[in-house]
Amino acid sequence: MKRYMKKSEIWTFGIGLFGVSLLTGWMPDYTYTFFNDFAFKGSGIDPASITKMLAYVFGFAGIVGAVCELVIGYLVDRTRTKWGKIRPWIGFGVIPMAVVAMFVFIAPKTGNYKLAVAWMFIIYALYTAAACAVESPAGCFGACCTPNPEERGDAISIASIFKAIGQSGGMAVLPAVGFAMKAIMGKQQYKTAEGQGLDLVISTAVCALGCVLFTMIFFPNNRERVPYTEEKVSLKESLKFVFTNKNLLMVSLTKFTGFGRGVYSTVSLYIAVYLLGSKDLKIALLLPMGIGTAVGMLIVKKLLKMLDTKKVYIVCCLYGALSLTVLFVVSKAIGFVPKELTIPFLIINFFVGLQHGNTNLTPNVMIADCVDEIEWKTGKRQEGLCYAGFGFFSKVAAALTKSFGPALVVWAGYVTSTNANVAYATQSQTTLDRFLMIYTIIPAIFVLGQMIPIFFYDLNGKKRDMIAKELQERREKAAALKTTGEEA
């Protein structure tokens, strides 16, 4: 089939997703540690009360995000501008999102527990809504950048690699900011600033600025090439498209059945602190996983040319559960002893990361195929709501994850530091062992769970190619009729 995209468009599409994910990847975990360890330190508020409340804060924000996904998806599909229906949301929404993200890290100076809790609920829910208005449209751009499914798959693959790198980008920003602060302030002043979480505030500003700049590289260079249908579709009918299409529903349900696979991120910073010795070394902990993710996406890209998406997804899930189990068994055999466990842990972490190549890439390709299938069946193209449907389940899953994760931290017996000049308190061996379970064996169970819906997915390669061919023929006929009518 004809190829439509310039090479520069494929790369700037990736750069745009890198920018968005640089901020959205930074926010959840570092917001958690800012709220938990720094926002109200020294205010007189009981730290344990804040820790227990965070499960509800992130759970509520997840529900807000789930609702926003559907609303924004519906609005995207009704958007008609000279820039298209998706790009305006990304280009004009990124600055408000960056501004709200900064306000998340500016806590009120108060010793009032109720006021502190209200602020956390409101500000993080507001950020979640602002992020949905950018992240959701950015995710569905790949479905309309070209009508060629193979070219689309290549573009989504490359952009997904950039996105995965961006999600881990904040880990590089944090130690770089720390290094600059030490050089400017001196070690002792930096230690005090770190104890108050100032390095997190500055790092958020860097990620927010990067998000805006990289997204603005994408906006002027990329185009939407798949024509949208002109018929206006009611919200009720739109939701019916999303929640009654079997294949789209199965892809979306993977987020729900696998929600607990993401709880490792809740304790990854603490694993870095207590295994490697510093939160700045979270990059050393997750860099092998991030490299593994990038390599995994390249492997998955190759696999998708040889196998259909269903087989690739299931095989990669089985591998993911196995790799996490191996990490747990090896870690338990060695014991949570930094000098002995660090190197084996980091090496196996690379192999664990390979599985993320599948979950970062394959569902995006599947959803783009589902958009085509729905248009083929109904004559209406609904990129916004199709990705919003997936996003809805993603946000519900994230709400469950962000509630489940903090609850597991409480179960682990984590103790918060009350010393204004000390960032993190010493933990018991039981707590460290449970952190290890949260990082490995618990996610492994959910990785197996996320593949169950895919057994019912049937949009294989031959069916997908047939649909793409028929859609292209319909568009060419429609274009010819329109031209004939205008000439008449």
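## Exercises on a predicted model

Cys 207 counts as buried, because its relative accessibility is 0%. The model behind these exercises is predicted, so let's work through it step by step.

**Exercise 1.** Find how many disulfides the structure holds, and check Cys 207 and Cys 316.

*Solution.* Start with the cut-off: two cysteine sulfur atoms must lie within 2.5 Å. For Cys 207, the nearest cysteine sulfur belongs to Cys 211 and is 9.1 Å away, which leaves Cys 207 in no disulfide. For Cys 316, the nearest one is that of Cys 317, at 7.3 Å, and again there is no disulfide. The total for the structure is 0. As a last step, Cys 316 has 12% relative accessibility and therefore counts as buried.

**Exercise 2.** Test whether the end-to-end distance of helix α4 agrees with its number of residues.

*Solution.* Helix α4 covers residues 113-140, which is 28 residues. The expected span takes 1.5 Å times one less than that number, giving 40 Å. The end C-alpha atoms are 40 Å apart, so the two agree. Now look along the helix: α4 has a kink of about 30° centred on Cys 132. At its start, a side-chain oxygen of Asn 112 comes within 3.0 Å of the backbone nitrogen of Lys 114.

**Exercise 3.** Identify which residues touch the most other members of the largest nonpolar core.

*Solution.* This core has 145 residues, and the answer is Phe 34, Phe 35, Phe 435 and Tyr 439. Helix α4 supplies the largest share, 15 residues. To finish, pick Tyr 439 and list its contacts beyond four places in sequence: among them are Tyr 264, Ile 271, Met 289, Phe 345 and Asn 349.

Notes:
Residues numbered from 1 in each chain as written. Predicted model: local features only at pLDDT ≥ 70, side-chain atom pairs only at ≥ 80, totals over all residues. Heavy atoms only, no water. Helix = DSSP H or I, 4+ residues; strand = E, 2+ residues; numbered from the N terminus. Bend = angle between axes of the 7 residues up to and from the residue. Polar contact = N/O pair within 3.5 Å; in protein donor to acceptor, adjacent residues only side chain to side chain. Buried < 20%, exposed > 50% of the residue type's maximum accessible area, 1.4 Å probe, protein only. Core = buried A, V, L, I, M, F, W, Y, C linked by side-chain atoms within 4.5 Å. Contact = heavy atoms within 4.5 Å.
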